[in-house]
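Here is my note on the model you sent. Please read it with the structure open.

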There are 2 protein chains.
Amino acid sequence: MSKAKRLLDILMFANAKRKFTAQEIADEFKISIRTVHRYILDLSDMGLPIYAEQGRNGGYTVLSNRLLPPILFTEEEAVSIFFAFQSLNYYRNLPFDTEISSVEHKLYSSLPNDAKVKVDKIRSYIAFWNPKRTIDTPLLKDVLEASIENRNLHIQYESKSGMKAKHIRPIGVYAHDGLWYLPAYDFSKQKILLHRVDRILSILSTENNEDEFMNLEEWFSSNEVKRPIQLHVLLSIEGVRQCKSVPSFEGLVETKEDGTGYIDSDIDQGEIPFITPLFFRLGKDARVLEPKELIDGLRLKAEEILTMYQGNN
Amino acid sequence: MSKAKRLLDILMFANAKRKFTAQEIADEFKISIRTVHRYILDLSDMGLPIYAEQGRNGGYTVLSNRLLPPILFTEEEAVSIFFAFQSLNYYRNLPFDTEISSVEHKLYSSLPNDAKVKVDKIRSYIAFWNPKRTIDTPLLKDVLEASIENRNLHIQYESKSGMKAKHIRPIGVYAHDGLWYLPAYDFSKQKILLHRVDRILSILSTENNEDEFMNLEEWFSSNEVKRPIQLHVLLSIEGVRQCKSVPSFEGLVETKEDGTGYIDSDIDQGEIPFITPLFFRLGKDARVLEPKELIDGLRLKAEEILTMYQGNN
DNA sequence: TTAAAACATGACAAGTAATGGCATGGTTAA
DNA sequence: TTAACCATGCCATTACTTGTCATGTTTTAA
């Protein structure tokens with residue numbers, strides 16, 4: 001077997017085992033100990049973070065940040081990685097930011113010149129825009145780690161009613177519209193609540209869980225209609241257009257031949273506060289027939305506004 | 001020089017030159033032609049898509065999808081690539097989708113088992129949510145390519161007033177909230193308009209431009225306040241909280257000692273329709289002092305709503 | 001038609017690199 | 001003190017790589 005292949009086999013063996021002696025490698029691969037020592041020197045030169053402990057019970061140990069065997073990418077594959085990195089551009093406080101820039105550097109420097117131009121173009125012609133937050137989310141990495149490692153958190157949280165301590169069990173972390181959210185089980189409220197990671201002021205302590213809890217995917221899919229209520233709205237042509245642009249309504253809009261349409265569907269009661277502004281904005285382009293709660297909400301807000309600005313003419 | 005190093009030098013030479021003869025390589029690297037033939041066989045075995053043309057004027061040609069020299073990633077760097085790919089999960093019709101899955105496969109299969117677990121966890125504990133559109137954007141790749149390659153487009157576009165043909169010069173493509181947008185110069189309207197890529201029904205034809213136009217970055221930064229108008233709003237404590245969550249206001253909110261606050265800033269007149277629903281929602285938590293246009297808008301909408309629902313009690 | 005310019009492949013000797021065995025020396029823990 | 005580790009040097013042997021020469025095929029220009 002060629003030297004290169006053998007080196008990579010040993011690299012993978014070392015990565016998996018983390019701690020081993022030269023004799024073990026020699027036995028495993030049927031090569032002499034002398035050669036093992038030479039090989040380990042080579043791996044170390046390649047950048048594998050490995051060190052030796054002298055003396056009895058000594059041996060080699062591979063540190064974290066282990067090296068993967070060399071990977072051959074095509075130019076297009078490399079470009080696709082730059083494309084994916086581009087999608088992270090409008091975020092602050094990303095985990096893995098140092099790794100991302102080192103990958104970018106490694107890839108970019110091994111691209112031929114014409115491919116570099118292509119990557120530069122992608123960078124200037126594609127964006128994944130989100131409101132570029134000036135809000136800092138310094139604890140994102142820690143919260144993410146706690147989620148992944150299934151740890152509960154005691155946190156200081158800035159909520160509507162001021163700052164307070166919370167004891168939560170994280171489900172996962174997700175980004176939406178440039179902000180990071182943490183759905184988590186709140187032990188004192190005894191239900192799953194959504195937290196904003198930037199509003200977590202500090203992590204006081206953590207504790208491990210033994211059992212498994214739900215993960216993000218399960219939470220997303222369980223988070224469907226729970227307190228269904230009938231929504232029935234007539235829409236003008238413009239109303240149809242607008243509603244189709246709203247994610248949660250997109251699939252619910254029915255269009256008639258003349259271009260007008262309607263929504264007739266079950267939604268969750270909890271959504272009412274979020275859709276009220278939409279129907280306010282639509283005005284005459286959407287006539288709400290049901291639910292009463294939504295109509296009342298619209299009237300109440302309208303009256304409040306009128307009262308407040310009655311002096312301005 | 002070692003064989004491996006020489007092979008990679010030749011790989012890069014071949015990638016850059018695309019077409020060459022064995023003699024050229026032999027001269028360039030001062031090795032025999034026989035060895036060049038052997039090396040090219042090796043490169044071909046490694047996966048370089050190269051083929052030979054026989055006879056006079058023949059030679060070797062490297063096809064597109066050229067191979068990059070092998071790259072050594074650390075485990076964490078590989079994980080960061082998976083993290084970036086995760087951010088693309090909620091999009092349909094992505095360019096580079098085949099490349100992304102082949103990169104995922106190459107990386108995943110060379111990870112040690114414990115690192116595979118880590119990647120799986122990232123996949124189930126992190127999401128970059130956006131409204132998972134059922135809207136198809138089949139022309140995304142084509143539009144993107146036209147932007148990058150500086151080509152004008154004749155398109156069929158579905159706009160407010162129905163379907164019509166347009167002649168545009170693309171600036172770039174960006175994603176926001178799960179939808180893809182194309183700012184482009186409209187030749188008949190003689191100004192830059194924003195298009196939704198999913199509303200482009202077909203591309204009729206394209207034509208090349210010789211000169212340079214603005215790119216996305218320039219467009220984003222030029223797209224600031226143009227028709228400034230004074231916005232002056234008093235905010236309750238809750239109003240401050242809410243406004244700080246709105247991207248465009250985030251930096252404008254001033255907070256007083258008692259927790260209440262205000263906004264006093266220039267905004268673009270064109271933003272008024274977009275911020276009206278926000279202040280409607282805020283109701284008593286935000287008292288608009290200026291501009292008059294905003295106050296009028298609020299009152300008008302409120303009256304419209306009240307009129308429409310006056311029968312519902 | 002022919003000669004020149006290219007790739008394809010095989011054989012072999014000469015040169016170069018990798019390997020294993022041995023020796024020596026250092027470090028650490030039982 | 002000794003056993004179990006790593007570190008390094010030397011050297012003969014073995015394995016691989018290279019260059020040269022030879023033979024063939026394909027294609028194109030003269």
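1. A definition comes before the strand points: two strands count as paired if DSSP finds at least two bridges between them. The model is predicted.

2. Pairing across the chains. Strand 4 (residues 126-128) of chain A and strand 7 (residues 173-176) of chain B run parallel and are joined by three bridges. A:Ile126 sits opposite B:Val173 of that chain B strand.

3. The wider contact between the chains. On the chain A side, 86 residues are in contact with 85 residues of chain B. The chain A side breaks down into 48 nonpolar, 19 polar and 19 charged residues.

4. The sheet within chain A. Three strands form an open sheet in the order 1-3-2, with antiparallel pairing. Strand 1 (19-20) and strand 2 (50-53) are at the edges; each has a single partner strand, so one side of each lacks a neighbour in the sheet. Two bridges link strand 1 to strand 3 (residues 59-62) of chain A, in the antiparallel sense. A:Lys19 stands opposite A:Thr61 of strand 3.

5. The DNA side. Which residues are closest to DNA strand C? They are A:Thr35, A:Gly55, A:Arg56, B:Ala22 and B:Ala52, out of 22 residues that surround the strand. By class, the surface near DNA strand C has four nonpolar, 12 polar and six charged residues.

6. Elements behind that surface. Chain A contributes helix 1 (3-17) and helix 3 (33-46). Chain B contributes helix 2 (22-29), helix 3 (33-46) and strand 3 (59-62). Each of these elements supplies at least two residues of the surface near DNA strand C.

Technical notes
Residues are numbered from 1 along each chain as its sequence is written. Chains are lettered from A and ligands numbered from 1 in the order in which they are written. This is a predicted model: local features need pLDDT of at least 70, side-chain atom pairs count only at pLDDT 80 or more; totals for chains, interfaces and linings use all residues. A residue is near a molecule or strand if its C-beta atom, placed from the backbone, lies within 6 Å of it. Helices (H or I, at least four residues) and strands (E, at least two) are DSSP runs, numbered from the N terminus. Ala, Val, Leu, Ile, Met, Phe, Trp, Tyr, Cys and Pro count as nonpolar, Asp, Glu, Lys and Arg as charged, and the others, Gly among them, as polar. Two residues are in contact if their C-beta atoms, placed from the backbone, lie within 7 Å.
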